[in-house]
There are 2 protein chains.
Amino acid sequence: MKVTINDVAKLAGVSMKTVSRVINKEPSVRKKTFDVVMEAVNELNYQPNLAARNLAGTSSFTIGLVYDNPNAYYVIDMQNGVLSRCKDEGYELVIHPCSYSEANMEHDFKTMIKRSRLAGLVLTPPLSEQSSITNLLDELNIHYVRVLSGRPSEEEQDTCIYVNDFKAAYEITMHLLNHGHKNIGFICGDKEHKSTSERLEGYKAAMADHDTETNDAFIYDGKYSFESGVEGAQALLADDNKLAITAILGGNDEMAAGALFASRLMGIQIPEQLSITGFENSPFSRQTWPKLTTAHQENDVISQHAARLLFTKTRGARNQDKDIITSFTPSIVVRDSSGPKL
Amino acid sequence: MKVTINDVAKLAGVSMKTVSRVINKEPSVRKKTFDVVMEAVNELNYQPNLAARNLAGTSSFTIGLVYDNPNAYYVIDMQNGVLSRCKDEGYELVIHPCSYSEANMEHDFKTMIKRSRLAGLVLTPPLSEQSSITNLLDELNIHYVRVLSGRPSEEEQDTCIYVNDFKAAYEITMHLLNHGHKNIGFICGDKEHKSTSERLEGYKAAMADHDTETNDAFIYDGKYSFESGVEGAQALLADDNKLAITAILGGNDEMAAGALFASRLMGIQIPEQLSITGFENSPFSRQTWPKLTTAHQENDVISQHAARLLFTKTRGARNQDKDIITSFTPSIVVRDSSGPKL
DNA sequence: CAGAATATTGACAGCGCTGTCATTTTAACT
DNA sequence: AGTTAAAATGACAGCGCTGTCAATATTCTG
């Protein structure tokens, strides 16, 4: 029933330790020995026991995914991406939702780390932006990889995966500008999130490059929620601006969906009278009518690479993974919620 | 840095084994000894190492959550509920998304189970309805608890958590009937899902009890997706029925949101001309305008109880948890998408 | 209060693996 | 071929805990 390393060793006619070397892809195993062992592994359908590996070894085969993000779609994508790599590499994943506000977050963290010694953590935004967290982890000597909004910086390159929100926002703004829009509103997400400022800066940069003036009244401070999108559109399209604004960039799809709702409520035709764009290409963007033009963020791919980066950090020099992408730029997906200014 | 059971034992002046007894809440530990040990545990902030426990013990401190559900909100809720119990009880959670269609699902399953010996699994719908899965688990001698749509049956009571979709659908239908609606459409979810038939039966039962005739043309076979909701509404409100149907029950919120969209597209006023209701009280139901009347399903609570039930099954007779609820009935939340027939 | 029954504790092996270090085999030289 | 260096393999301890069973402390008998 239960197959152990000893069973494999016996079948292959080698020592336990040699089997261990093979499954850990250690060097200095003769090719022939390797093959013999692998054959035995396959024949017995051997799966190394994670608990034993974690207990015996200096490195652990468990990583954690930490998130504090209300967006279920985002979280699931991140989970699935990390998970798929974990499966491939024989790692186990411990998920750790938490909220930054919790006073006992640090305690929770430490508990998790003590219970299962972790090889490392993947931190997702907005938590990944908190220096209090990274300081804590540095102190505890825990490896981590952060997924961040922003442009890559030299020194953090090997511990971060960047999502170039700036560039994507730039491009989506340019898309609208090229369609003749000049008075373009922007509904910001939570101020505390780095993605918010990155996207806003991208928007501003595009406006500047297009010699189009930005108007502070066209920028709405919101939260990354549907309701906030509704409110944002209502504010931006209030009587004073109603005729002026011909396009609105939503900070994310959820907000854009809210803005779209609010606009329709006001009897505004989309995209004829108003173009609306989202950000992220989450299911939200496909569940509106018309479907949202947005920036496609490959969260599952992003998180896969985050996991890969973490693995190379924990595995030391050998077994390095060379094809890790550390910088992603969401690509514009043009759908039906945006069009030329009429 | 790292606190082991030996450190606690030394500090408390007892043997390692006694500490083990205390943390496992075994009987036959003198109250005084218990207190002394607990004090040491707290002073050192000791957390038992999961890998060691899993390796040494006959029972494991890891459970799995298996799902095959495209609804991110649902999955996150289930995860969080199970996770919160795991934290309390010192268990670890391994999440296992999978798709039933995958040929290698059985293999994946076995691999997961071999890698980390599991105390048991929580199965969520629609996977929990597949007898091929439960047969496989029975064969492998794995404990499991299933979350199911349907009315509790005597024999399965102690391995299932039931969600009484029938009753909830009955009530939501009654709500509409009491508002004077007679021609009520129903948009079904995936036929393969038990929840679909349960909800449909509830609808039919209410209609019957209210002496209202059901019309097969008012029932649309769909899928649990937004798009399907759109199509369902379009079909139900096609020319022949357009004037006849005054209310539509969506199989879930996502479909109801789709139906609402489609209706607005056709220029139908909600709820004046048409009442629409959802099911589940997911964020979808709050991100439509008007907000959806729906049936609130406490997924996080449901999954907490599923975890508790699983724990009692694995822990043998002692440490039984007596307050487990095994049957839930979603409660109707009346919002703005439904109203009296005018 | 002796002696038996019972409750409470401890000693120790071992779960399945990896790290260390010793041993054997192979390759690389005179 | 004979030596030496290097590569490949194995023996064995031990990771931190739990299960078993033996040892001790406590309580209950008459």
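Four helices line the surface near DNA strand C: α2 and α4 of chain A, plus α2 and α4 of chain B, and each of them supplies at least two residues. Keep in mind that what you're looking at is a predicted model. Below, we go through the two DNA strands, then the place where the two protein chains meet, and finally the way chain A is split into domains.

**DNA strand C**

- The largest share of the surface near DNA strand C comes from α2(B), which puts in four residues.
- In total, 28 residues surround DNA strand C, and the closest are A:Ile5, A:Ser20, A:Tyr46, B:Thr18 and B:Thr33.
- Look at which part of the strand faces the protein: sugar and phosphate make up 62% of the atoms of DNA strand C that come within 4 Å of the protein.
- Sort the surrounding residues by class and you get eleven nonpolar, ten polar and seven charged.
- Some side chains of chain A reach phosphate oxygens of DNA strand C, including A:Arg53, with a polar side-chain atom 3.0 Å away.
- A:Thr58 has a side-chain N or O atom 3.1 Å from a phosphate oxygen of DNA strand C, and for A:Lys2 the side-chain N or O atom sits 3.4 Å from a phosphate oxygen of that strand.

**DNA strand D**

- Now for the other strand: DNA strand D is surrounded by 28 residues, with A:Thr18, A:Thr33, B:Ile5, B:Ser20 and B:Tyr46 the closest.
- α2 (16-23) and α4 (50-56) of chain A and α2 (16-23) and α4 (50-56) of chain B each give at least two residues to the surface near DNA strand D.
- Here α2(A) gives the most, with four residues.
- By class, the surface near DNA strand D holds eleven nonpolar, ten polar and seven charged residues.
- Of the atoms of DNA strand D within 4 Å of the protein, 62% are sugar or phosphate, and the rest belong to bases.
- B:Ile5 uses its backbone: an N or O atom there lies 2.4 Å from a phosphate oxygen of DNA strand D.
- Bases of DNA strand D get contacts too, among them a base nitrogen 2.6 Å from a side-chain N or O atom of B:Lys17.
- A:Ala56 also reaches a base, with a backbone N or O atom 3.3 Å from a base oxygen of DNA strand D.

**Where chain A meets chain B**

- On each side of this meeting point you'll find 46 residues: 46 of chain A are in contact with 46 of chain B.
- How much area do chain A and chain B bury between them? It comes to about 4,100 Å², with 59% of it on carbon and sulfur atoms.
- There are two salt bridges between chain A and chain B.
- One salt bridge joins the side chains of B:Lys87 and A:Asp108, at 3.5 Å from N to O.
- Across the interface of the two chains, 14 residue pairs are in polar contact.
- On chain A's side, the elements giving two or more residues are α4, α5 (72-89), β2 (92-97), α6 (105-115), α10 (226-236) and α11 (253-265).
- Of these, α5(A) gives the most, with nine residues.
- The side of chain A that touches chain B is made up of 23 nonpolar, twelve polar and eleven charged residues.

**Domains inside chain A**

- Chain A is divided into domain 1 (5-48), domain 2 (62-164 + 299-328) and domain 3 (165-297).
- The C-alpha centres of domain 2 and domain 3 of chain A are 30 Å apart, and the contact takes twelve residues from domain 2 and 16 residues from domain 3.
- Domain 2 and domain 3 of chain A bury about 1,300 Å² between them, with 47% of it on carbon and sulfur atoms.
- In domain 2 of chain A, the residues losing the most area to domain 3 are A:Tyr73, A:Ser149 and A:Asn164, which together account for 41% of what that side buries.
- How many salt bridges cross the interface of domain 2 and domain 3 of chain A? Just one turns up.
- A:Glu198 and A:Arg151 form a salt bridge, with their closest N and O atoms 3.3 Å apart.
- Ten residue pairs are in polar contact across the interface of domain 2 and domain 3 of chain A.
- α5 and α12 (299-314) of chain A each supply at least two residues of domain 2's side of this interface.
- That side of domain 2 has five nonpolar, five polar and two charged residues.

Definitions and conventions: Residues are numbered from 1 along each chain as its sequence is written. Chains are lettered from A and ligands numbered from 1 in the order in which they are written. This is a predicted model: local features need pLDDT of at least 70, side-chain atom pairs count only at pLDDT 80 or more; totals for chains, interfaces and linings use all residues. Side-chain values use heavy atoms; hydrogens and water are left out. A residue is near a molecule or strand if one of its heavy atoms lies within 4 Å of it. A polar contact is a pair of N or O atoms within 3.5 Å; within protein, one must be able to donate a hydrogen and the other to accept it, and residues adjacent in sequence count only if both atoms are side-chain atoms. Ala, Val, Leu, Ile, Met, Phe, Trp, Tyr, Cys and Pro count as nonpolar, Asp, Glu, Lys and Arg as charged, and the others, Gly among them, as polar. Contact means heavy atoms within 4.5 Å. Buried area is the accessible area (1.4 Å probe) that two parts lose on being put together, summed over both. A salt bridge is a side-chain nitrogen of Lys or Arg within 4 Å of a carboxyl oxygen of Asp or Glu. Domain bounds come from an automatic or database domain assignment.
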